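This report addresses backbone conformation, interior packing and surface character in turn. Please consult the sequence and the structure below while reading.

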Amino acid sequence: MSFFINNVSKINKYNMWNPVLLFFRNSKHTPRVVRFISSSNYLRNNVQEEKETHFGFTNVSAHEKSEKVYKVFADVAANYDLMNDAMSFGIHRMWKDIFIQRLGPTMGTHLLDMAGGTGDISFRFANYLKSVHNKSVSPLSQVTIADINENMLSVGKQRAKDLKLDKLEYCKINWAVANAENLQFDDDSFSAYTIAFGIRNVTNIEKALLEAYRVLKPGGRFMCLEFSHLENKTLQWLYDQYSFQVIPPMGQILAGSWKPYQYLVESIRKFPNQNEFKYMIEEAGFKMVTYENLSLGICSIHSGFKL
């Protein structure tokens, strides 16, 4: 009991109940205990709420950020893929291909693709499985495309129909309006969780990571693709000039909107660097946490396992 009290007293800055998970994590009863702890309404209601956060370079309340981010993606949904191509010169497609290759899904995988509204990651997941699909022995795979923004999901659903991916025999595609900080899915529901270029827009990243841990099955994998920080200062300076001087005007020209793309650039600069984010993933309970820089660190793939 004294060991339990000592460990509980080590409350860290990221959350109130992670020390309890740390105490039980190596126990043979871990899955049952962790499920009990993570689903406890008391503990959920007592995770420290973030009273003030940032929306780009502006300090706002947590509630205000949620509303502003929702509006940003509602406004850009129709032109989201076009702007991704324009801003990255199409390189984002290569990054996403590498991301799925690193995941290396097998038949029978049940993926939660969080903030995946337009379907870029999920459709790659389905196409990857097509190459390993064996009709005689392959179990059905599933992907749940979840996004807090209905506008983004609407774009994804239409794309799925256009690409004839909405009625695959080997992979079922589900759609869900969901908040990454408070998922409606049961504990231990998914064998993989992906989030691509979405986690920096979450109001409370720590809560989103805890939820990712909760809904993954033991042995499940968390993977995040996110813009990051270049290690070379000269290249970072050049990248900053491009980001702030070119991307917002490009948004105005191609999508008729400056402010959403100004926010997107600012949000990238406010996101933790690779090592800081690695630590946050570990604090949520994940093991074997690693990251891989792409394009010299313009973005990074972060990976961890629920063990």
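## Helix α6 and the residue after it

Helix α6 is followed by F89, a residue with a positive phi near 55 degrees. The model under discussion is predicted.

The helix itself spans residues 80–88, and 7 of its 9 residues are buried, so α6 is largely enclosed by the rest of the structure. The buried positions are Y80, D81, M83, N84, A86, M87 and S88.

## Further positive phi values

Most residues other than glycine have a negative phi. D188 departs from this sign, with a positive phi near 55 degrees although D188 is not a glycine. D188 is located in the loop between β5 and β6. Its relative accessible area is 18%, and D188 therefore counts as buried, the limit being under 20%.

M288 is likewise not a glycine and has a positive phi of about 50 degrees. This residue belongs to strand β8. M288 counts as exposed because its relative accessibility is 57%, and the cut-off for exposure is over 50%.

## Nonpolar cores

The largest nonpolar core contains 34 residues, of which W95, F125, C171, L225 and F227 touch the most other members. Two or more residues of this core come from each of the helices α7 (91–103), α8 (120–130) and α9 (150–162), and from each of the strands β4 (141–147), β5 (171–177), β6 (190–196), β7 (216–227) and β9. A second core, separate from this one, has 30 residues, including F185, L209, A212 and Y213.

What does F227 touch, leaving aside residues up to four places away in sequence? Its contacts are W95, F197, R200, Y239, I268, F271, I298 and C299.

## Cysteines

How many disulfides does a search of the whole structure find? The search finds 0 disulfides. Two cysteines illustrate burial: C171 is buried, with a relative accessible area of 1%, and C224 is buried, with a relative accessible area of 0%. C171 is also one of the residues that touch the most other members of the largest nonpolar core.

## A nonpolar surface patch

On the surface, L235, W237, L238 and L296 make a nonpolar patch of about 430 Å². L296 is placed in the loop between β8 (287–294) and β9 (299–305). With a relative accessible area of 63%, L296 is exposed.

Key
Residues numbered from 1 in each chain as written. Predicted model: local features only at pLDDT ≥ 70, side-chain atom pairs only at ≥ 80, totals over all residues. Heavy atoms only, no water. Patch = residues over 30% accessible without salt bridge, like charges linked within 9 Å, V, L, I, M, F, W, Y side chains within 5 Å. Areas by Shrake-Rupley, 256 points an atom, 1.4 Å probe, with all protein chains shown as cover. Salt bridge = Lys/Arg side-chain N within 4 Å of Asp/Glu carboxyl O. Helix = DSSP H or I, 4+ residues; strand = E, 2+ residues; numbered from the N terminus. Buried < 20%, exposed > 50% of the residue type's maximum accessible area, 1.4 Å probe, protein only. Core = buried A, V, L, I, M, F, W, Y, C linked by side-chain atoms within 4.5 Å. Contact = heavy atoms within 4.5 Å. Disulfide = S-S within 2.5 Å.
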